[in-house]
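Here is a friendly walk through one model, meant to be read with the structure open beside you. We will go from single residues to charged pairs and then to pockets.

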Amino acid sequence: MTVSPDFSAASTAVTAVLGAYLLLGEPWLGRRVYGSLARRRDTEPRALVRYFTFVLAFWWVLAALAGAVLLLSPGMAAADLGIAAPDSPVSTAVVIVVMAVVSVTSGRKMRALAAGGRNVPGLASIQAMLPRTPQERRLAIAVAVTDGLCAELVYRGLLIAFGVGVLGLNLYVAAALSVLVYAVAGFYQGRSGVIAFGFVGALFAGLYVASGSLLLPIAVHIALSVRDLTLPEPEPIGSVPAYEPASKGS
């Protein structure tokens, strides 16, 4: 994979501000907003609907900024942001099918564990986001798809391009930096969330660099997000701490 983005002064400024927000502002905002949801989830029937609506709008604003960067840079091609066909369409299709099967299979296993009252690793940390009604479930799927599309465009496409084109980093170093920025976005789930986001961020970055296209990481991201956001709740939220993952019997 080779990218040679030519950022204009305006697009450099926009991306720098966006990158600073993702590194410093997003962890704080995500933790605050999720904490508010966890406190209100059991007492306000539409709390999750409002939360999902906010998340959808916010993600598309970030994606629009990434699109603005491309429009503000006459010397930049869409492929510099990963908007291109994969280097190997056949291999990409095979990986997508395999990951879809893995997501469905693991999702069934996780549902069986939850139905049996057994612990599902990581489920409690997103408990407040798990849907209870058909409307919430539809919104959860919309959020999962939006998350896959917009997060990959911003965190992988834009940030890696910025690292290469503006910071002068090697492609792999720029990808590692994007993983670091993505990892801190998991701060709302506590330390385990940062670790989990770092792990999947490395997976998505690796898929992007290996395929030369955002198509593969987007597909895998959506599959995993849909699986996680449509799982059943492990238990009533009750007294979930505002900013810490819920634990069994809390």
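## A buried aspartate without a salt bridge

D80 lies in the loop between α2 and α3, where α3 covers residues 89–115. Keep in mind as you look that this is a predicted model. Where is the nearest side chain of opposite charge to D80? That side chain belongs to R156, and it is 16 Å away. D80 is buried yet has no salt bridge. A salt bridge needs a side-chain nitrogen of Lys or Arg within 4 Å of a carboxyl oxygen, so the 16 Å to R156 rules that partner out.

What does the side chain of D80 reach instead? Its contact is with the backbone nitrogen of S4, at 3.2 Å.

## The neighbour in the loop, and a residue in α1

A79 also lies in the loop between α2 and α3. Is A79 buried or exposed? A79 has a relative accessibility of 38%, so it counts as partly exposed. Along the chain, A79 and A161 are 82 residues apart, and their C-alpha atoms are separated by 9.9 Å.

For another pair, turn to L37, which lies in helix α1. L37 has 0% relative accessibility and therefore counts as buried. L37 and I160 are 123 residues apart in sequence, and from C-alpha to C-alpha they are 32 Å apart in space.

## Charged pairs

Side chains of opposite charge can pair when their charged atoms come close. How many salt bridges does the model have? The count comes to six.

One of them joins the side chains of E152 and R156, with 2.7 Å from N to O. This is the R156 named above as the nearest side chain of opposite charge to D80. Both E152 and R156 are buried. How far apart are E152 and R156 in helix α4? They are four residues apart, which means that about one helical turn separates them.

Another salt bridge links the side chains of E44 and R50, at 2.5 Å from N to O. E44 is partly exposed because its relative accessibility is 27%, and R50 is partly exposed too, with a relative accessible area of 43%.

## R227 and its contacts

R227 lies in helix α7. With a relative accessibility of 18%, R227 counts as buried; the cut-off for buried is under 20%. The side chain of R227 makes a polar contact with the side chain of S106, at 2.9 Å.

R227 also forms a salt bridge with D228, and the closest N and O atoms of this pair are 2.8 Å apart. D228 has a relative accessible area of 23%, so D228 is partly exposed. Elsewhere, salt bridges that share partners join R40, E44 and R50 into one network.

## The largest pocket

Now for the open spaces. The largest pocket has a volume of about 1,100 Å³. Of the 42 residues lining this pocket, which are the closest to its centre? They are I126, M129, Y188, Q189 and F197. Two or more lining residues come from each of α1 (9–40), α2 (47–71), α4 (134–165), α6 (191–211) and α7 (215–229). The largest share comes from α6, which gives seven residues.

What is the lining of the largest pocket made of, by class? There are 30 nonpolar residues, eight polar ones and four charged ones.

## The second largest pocket

The second largest pocket holds about 190 Å³ of space. Its lining has 13 residues, and those nearest the centre are G19, L159, F162, L177 and V181. At least two lining residues come from each of α1, α4 and α5 (171–184). Which element gives the largest share of this lining? That is α1, with six residues.

By class, ten residues lining the second largest pocket are nonpolar and three are polar, with no charged residues. To compare the two pockets on screen, start from α1 and α4, which are named among the contributors to the largest pocket and to the second largest pocket.

Terms used: Residues numbered from 1 in each chain as written. Predicted model: local features only at pLDDT ≥ 70, side-chain atom pairs only at ≥ 80, totals over all residues. Heavy atoms only, no water. 1 Å grid on protein atoms, 1.4 Å probe; cavity = no way out; pocket = protein on both sides within 12 Å on 5 of 7 lines; lining within 4 Å. Points joined across faces, edges and corners; volume = space filled by probe spheres on them. Nonpolar A, V, L, I, M, F, W, Y, C, P; charged D, E, K, R; others polar. Buried < 20%, exposed > 50% of the residue type's maximum accessible area, 1.4 Å probe, protein only. Lys, Arg positive; Asp, Glu negative; His and termini not counted. Polar contact = N/O pair within 3.5 Å; in protein donor to acceptor, adjacent residues only side chain to side chain.
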